[in-house]
Amino acid sequence: MERPQFDIVPRAGLPIVAVVVVLLIAAIEANKLWPLEFLHVVGGATWTIIDLFLGFVLGPIIGKLSIPARVEFTTRLMPKMVLIMPTAVAVTLAAGWQLATHLGTNQTSYALHGWIVASYIVVGVMAVIALGLLEPANIAVLTELKKPVPNPEVVERLMKRFIYTAGATGLMQVATLVIMTKLSSG
Amino acid sequence: MRRRTLPPVTQLGMLSLAFIAAAVIYMAAHLPERVSLGPAIALLALSALLLVVNVVSLSRADGFAWRRFLEVARWALLAYVIIASLIEFVFVRNNTSGSPLVVLTLCLVVFALDVPVLIAFTVARYDEPQPAAAVGASERGSA
C-alpha cells in the first residue's frame, strides 16, 4: 500500500493551537463581549461547518474513492483534524460559557433557558460520539497507516467508523443551527 | 492479524462519558444559581465506577499491546488535561466555588481520563503486543 509521509500530530500546527488557547484565556479573563462573541462564533462555525461538510459531502466521496486514493486523502486530511477539532470544540465551549455568563443567558430566569439547556444536551451527545468513537478512530487509522505493513481490513473498518460518526455529528449540528438561530432571534 | 478477545472498553467508556456529560449538563443548567448536587454526584460516581471497571477489566486481558496503549494514552492525557483545565478555568473565573466546583472538577478529572483510555484502547487493540525495542524500531522505520 503506497502512503505519503505524514505525522499523526502535525507539529507545525501546534504553535497555532497554542496561540488560539492563549487568545481564549485572554478573552475569558478580559470578559469583554466582542472577543468572547468572536471566539464563540468562529469556533462554533468551524466545528459546525467541518462536521456538516465531512459528514454529508466529503464522507460519501471518501467512501467511493479507490483504496490508494482514500489512503492518500486520509493521510493528508486526518492529521489536521487531530488538531483542528479539539481546538475548535474547546474554544466554542469555553468562550460560549463565558459569553452566556456575560449576557446572563445561562441564568434559569432567562426566557429561553430551555433552549440553552437543549444546546447543552446536543453538545453533550455530540461530545460522547466524537470523543468515544470519532477521535479514537481518527488516531487509530493514522497509527495503522504508519505501520510498515498496514492491515487494509483495519483501515477500512476504522474509516467506516469515522465516516458514519461524522455523519451522525453532522445531523446533530443541524439541531445546533436550529437552537442557535432561535437564541439569536429571541 | 490475530483476533483477541478484549473487554467492551469502548462501550463502557462511552457510557462513562455519557454519565459525565449528563452530570455537567445538569450542573450547567442550574449554575450560577444554587444547585442540588445529589444527581450530579450519583452520575459522577457511576461514571467513575465504569472507568475503574474498564481499566481493571482491560488489565486482565491477555495479549494486549500495553506498550502502544501507554504510548498513546500519555499524549492523549496531556491534550485532554489541557482541555479540561480550560473548562475548569471558565467555571472558576465565574465564581463557581465550594461543593459545586469540587463535583465539576472531579467530573473533568474522569473526562480527562476516559478519553485517553478510549483513544489508546482503539489504537492498541489493532496492535500486536511486542517488546519495547521492536516498537521503537518500527516507529523509527515508519517515521
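This is a short talk on how chains A and B meet in a predicted model, and on a few residues within each chain.

Hi everyone, some bookkeeping before we start. Residues are numbered from 1 along each chain as its sequence is written, and chains are lettered from A and ligands numbered from 1 in the order in which they are written. Because the model is predicted, local features need pLDDT of at least 70 and side-chain atom pairs count only at pLDDT 80 or more, while totals for chains, interfaces and linings use all residues; side-chain values use heavy atoms, with hydrogens and water left out.

Let's begin at the interface. Here 34 residues of chain B are in contact with 42 residues of chain A, where contact means heavy atoms within 4.5 Å. The size of an interface is often given as the accessible area lost when the parts come together. For our two chains that buried area is about 3300 Å², and carbon and sulfur atoms give 67% of it. The figure is the accessible area, with a 1.4 Å probe, that two parts lose on being put together, summed over both.

Which three residues supply 17% of the area that chain B buries against chain A? They are B:Leu86, B:Arg93 and B:Tyr126, and no other three residues supply more.

Now the polar side. Between chain B and chain A there are two salt bridges, a salt bridge being a side-chain nitrogen of Lys or Arg within 4 Å of a carboxyl oxygen of Asp or Glu. There are also six residue pairs in polar contact across the interface, both residues at pLDDT 80 or more. A polar contact is a pair of N or O atoms within 3.5 Å; within protein, one must be able to donate a hydrogen and the other to accept it, and residues adjacent in sequence count only if both atoms are side-chain atoms. On the chain B side that touches chain A, α1 (9-30), α3 (66-93) and α4 (98-124) each supply at least two residues. Helices here are DSSP runs (H or I, at least four residues), as strands are (E, at least two), numbered from the N terminus.

One salt bridge joins B:Arg93 to A:Glu29, with the closest N and O atoms 3.7 Å apart. Another joins A:Lys147 to B:Asp127, at 3.0 Å between the closest N and O atoms. That pair crosses between chains, from the loop between α4 (113-146) and α5 of chain A to the loop between α4 and α5 (132-142) of chain B.

Is B:Asp127 buried or exposed? B:Asp127 counts as buried because its relative accessible area is 3%, and the cut-offs are under 20% for buried, over 50% for exposed and partly exposed in between (1.4 Å probe, protein chains only). A:Lys147 is buried as well.

B:Asp127 has a second partner: its side chain meets that of B:Arg68 in a salt bridge of 3.3 Å, N to O. B:Asp127 sits in a loop and B:Arg68 in helix α3 of chain B, so this pair ties together parts that are 59 residues apart in sequence. Salt bridges that share partners join A:Glu144, A:Lys147, B:Arg68, B:Glu71 and B:Asp127 into one network.

Within that network, B:Arg68 and B:Glu71 form a salt bridge at 2.9 Å between the closest N and O atoms. They lie three residues apart in helix α3 of chain B, about one turn of the helix. B:Arg68 is buried at 9% relative accessible area, and B:Glu71 is buried at 17%. Over all chains, the salt-bridge count comes to eight.

Let's move to helix α5 of chain A. A:Gln173 is found there, and at 1% relative accessibility it counts as buried. Leaving out residues up to four places away in sequence, A:Gln173 touches A:Trp47, A:Thr48, A:Asp51, A:Leu52 and A:Met126. A:Gln173 and A:Asp51 are 122 residues apart in sequence, yet 7.2 Å apart in space, C-alpha to C-alpha. A:Thr169 is in the helix too, buried at 2% relative accessibility. With the neighbours up to four places away left out, A:Thr169 touches A:Asp51, A:Met126, A:Ile129 and A:Leu134.

A:Leu171 also lies in α5, but at 56% relative accessibility A:Leu171 counts as exposed.

That's the tour, so thanks for listening, and please jump in.
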